[in-house]
Every structure is written in C-alpha cells, then in structure tokens.
Amino acid sequence: MFAVRRRRAHMKSETYVLLEPGKNEEFVSEEELKMRLKGWLESWPGDELPPDLAGFETIDDAAAYLVRSVCELEIDGEVGSVQWYQVQLE
C-alpha cells in the first residue's frame, strides 16, 4: 500500500472530497468514505491486504485508520490511486 500521511489543521468537518481515477470529484460524508474504503479493502486484488492493513482485526478498523491517518490509497491492479481530503464547506 502506498499511503500519504496528512496533517490535520484542527478542522471540525465530517465532509471529504473523494477523488477516484476516471471519475469526477465527489463530496462524501465520513461514513460514506469509510464505506467506500471498506468496499475497496474487501475486494482487494490478490489474497491479502498489505501488511500495514492486514494487522487490523476487522476491515472496519482498517477503513477507520485510513480515514483518520492517510489521504491516499494506491490499489494494485487497474484501480490506481484513490485520494480523499477533509474539507469544510461554507
């Protein structure tokens, strides 16, 4: 897995912009983002998740970690890089 760490600027928002290859950017809630990440992890190419995600007890825990700690997930195969950024809408 290729993950990029991010610094949170004390933002109090549960809205993210989600960037998927070949799709328009989309605004999603934190819960929607977790569900999308969970879907990608459940259908991960190959038999096993990368070591840094395989150590979590559940897919839900791994998805929550990704939302909380990184902003990009490089998925093997033809999916490519999925990115998400916390935003504050006005």
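**Contacts of Ser13 and the overall fold**

Leaving aside residues up to four places away in sequence, Ser13 touches Gln86, Val87 and Gln88 in this predicted model. Ser13 itself is placed in the loop between β1 and β2, the latter strand spanning residues 15–19. With a relative accessible area of 11%, Ser13 falls under the 20% limit and is therefore buried. A further spatial relation links Ser13 to Ser29, for although 16 residues separate the two in sequence, their C-alpha atoms lie 9.1 Å apart.

The protein as a whole contains three helices and five strands, and the order of these elements, read from the N terminus, is β-β-β-α-α-α-β-β. Of its 90 residues, 34% count as buried, while the surface that the protein exposes amounts to about 5900 Å², of which carbon and sulfur atoms supply 46%. When contacts between residues at least 6 apart in sequence are considered, 56% of them join residues that are at least 24 apart.

One aromatic pair is found in the structure. The pair is formed by Phe56 and Tyr65, whose ring centres are 5.1 Å apart and whose planes meet at 35°, so that the arrangement is classed as tilted; this class applies because the angle is neither under 30 degrees, as stacking would require, nor over 60, as an edge-to-face pair would require. The two partners fall into separate accessibility classes: Phe56, at 27% relative accessibility, counts as partly exposed, whereas Tyr65, at 14%, counts as buried. These assignments follow from the limits applied, because a residue is buried under 20% relative accessible area and exposed over 50%, with partly exposed residues in between.

Confidence in the model was also examined along the chain. The mean pLDDT of the protein is 84, and a value of 70 or more is reached by 86% of its residues. Among the elements, the highest mean pLDDT, 96, belongs to strand β3 (residues 26–29), and the lowest, 44, to strand β1 (residues 3–5). Over residues 1–8 the pLDDT is below 50, although this stretch has 30 contacts in the model beyond near neighbours in sequence.

Methods: Residues numbered from 1 in each chain as written. Predicted model: local features only at pLDDT ≥ 70, side-chain atom pairs only at ≥ 80, totals over all residues. Heavy atoms only, no water. pLDDT = per-residue confidence, 0-100. Helix = DSSP H or I, 4+ residues; strand = E, 2+ residues; numbered from the N terminus. Contact = heavy atoms within 4.5 Å. Buried < 20%, exposed > 50% of the residue type's maximum accessible area, 1.4 Å probe, protein only. Areas by Shrake-Rupley, 256 points an atom, 1.4 Å probe, with all protein chains shown as cover. Phe/Tyr/Trp six-rings, centres within 6.5 Å; stacked < 30°, edge-to-face > 60°.
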